[in-house]
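Student: Please take a close look at one part of this model, the aromatic residues and what surrounds them. I would like the cut-offs stated as you go.

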Amino acid sequence: MKKSGFILFILLATFQLKSQIRGFYDGSTYYEEEVDRVQPLKTSNRVSLYLGISNYLGDLGGNSGVGRNFLYDNNLKKRTFFYGFSFTHLRKEALGVRLQYTFGQIAGSDQDAAYKSTADNAYRRYKRNLDFRSKISEGSLILELYPLKCIRYTKAAHHWSLQPYALLGLGIYSFNPQGSYFDEIADDYVWVDLQPLRTEGQGMKEYPYRKPYKLTQTNIPFGFGLTYKITEKSSLGIEILGRQLFTDYLDDVSQTYIDPTLFTTYLNPEAAEEAKILNNKSNIIDPDNPYVVGQKRGEPNNYDFYYSISIKYSVRISKVRSIANAFRKKIYKYDDNEICY
């Protein structure tokens, strides 16, 4: 019995050994994906195009009642647009640095002030009867933050096609406000550059604290957006981007009415006549009770502001390995028909 048991043990061990030696390596391989090791792309680059409406918040126009800050006084009667393009470098799909150029136009008019009656404070703006338009050219460096991409890659929210993001940056922009008046000879409205006319006494010794404003300044762009992934390389989204400014002269309106006779002292005859007209047009609305020297023309305590609401189309241009190929395990293949005995 002992001898029979020993022989049986040897046979079983031999069978087990044979089952572990599957065959000879035939030189071929295959890959098996390791899902738990998949990681987001380390870096990627995107180019984007923008098209959308633009608007301004400042001294001109506005809604009914006393002029208020920010969007409370928003008025969308002017149809102005912004266009632009950008290059963004993203790290781990969560944090990006964007270099952007935007151009377009903004405008405002007291004729759009929404007043309910002559007792409404908005009527004072309507009576002021000033307007402006300005081309905007802007370059900015902006940080993009995608909060859901900061969640672990294994979480579902990280992979949602619809992703929110926040924006904050620093920009340089140029502007050139123009005002209009009706030219009876030309029988049409004429637009004139306002900054050289010193409409509120900028640079005049009679108003030493009113310095000429620069037409190129800095701003702080900030906002948020939503982007939807169309394909692995392209996305479509909507973005709201506001610009905090450091001037109240985006619309050339800020202080009080000055003595119009000063224009003849500081300007040539033609410019002086235009300045007199564009400084105070309230007599056109109310000839019997126009605004006079020293009365409020604007609100100097609040800086102007402009913003855009844009459709954004983005394309990834960087060449990257697919995530699946980057983290697959190499498996050697054996021929099971060639068994070692």
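Tutor: What follows covers the aromatic pairs, the nonpolar cores and one buried threonine.

This is a predicted model, in which local features need pLDDT of at least 70 and side-chain atom pairs count only at pLDDT 80 or more, while totals for chains, interfaces and linings use all residues. Residues are numbered from 1 along each chain as its sequence is written, and side-chain values use heavy atoms, with hydrogens and water left out.

Rings of Phe, Tyr and Trp (its six-membered ring) pair if their centres lie within 6.5 Å; planes under 30 degrees apart count as stacked, over 60 as edge-to-face and the rest as tilted. By this rule there are 18 aromatic pairs. In one of them, Y115 and Y123 are edge-to-face, at 5.2 Å centre to centre and with 70 degrees between the planes. Y123 is buried at 16% relative accessible area, and Y115 is partly exposed at 33%; buried means under 20%, exposed over 50%, and partly exposed in between, with a 1.4 Å probe and protein chains only.

F175 and Y213 are stacked, because their ring centres are 6.2 Å apart and their planes are at 10 degrees. F175 lies in the loop between β6 (162-174) and β7 (178-183), and Y213 lies in the loop between β8 (188-193) and β9, 38 residues apart. The strands are DSSP runs of E of at least two residues, and helices are runs of H or I of at least four, numbered from the N terminus. Both F175 and Y213 are buried. Ring pairs join these two with F82, Y173, Y249 and Y306 in a cluster.

Y173 also belongs to the largest nonpolar core, which has 15 residues; I106, I136, Y173, L250 and Y306 touch the most other members. Such a core is a set of buried Ala, Val, Leu, Ile, Met, Phe, Trp, Tyr and Cys residues joined through side-chain atoms within 4.5 Å. A second, separate core has 14 residues, including L197, Y207, L262 and A275.

Contact means heavy atoms within 4.5 Å. Leaving aside neighbours within four places in sequence, Y173 is in contact with residues including I136, L250, Y306 and T247. T247 is in the loop between β10 (234-244) and α3 (263-266), and T247 counts as buried because its relative accessibility is 5%. Beyond four places in sequence, T247 touches Y173, Q217, Y303 and D304. The side chain of T247 also reaches the backbone nitrogen of Y249 at 3.0 Å.

Terms used
Polar contact = N/O pair within 3.5 Å; in protein donor to acceptor, adjacent residues only side chain to side chain.
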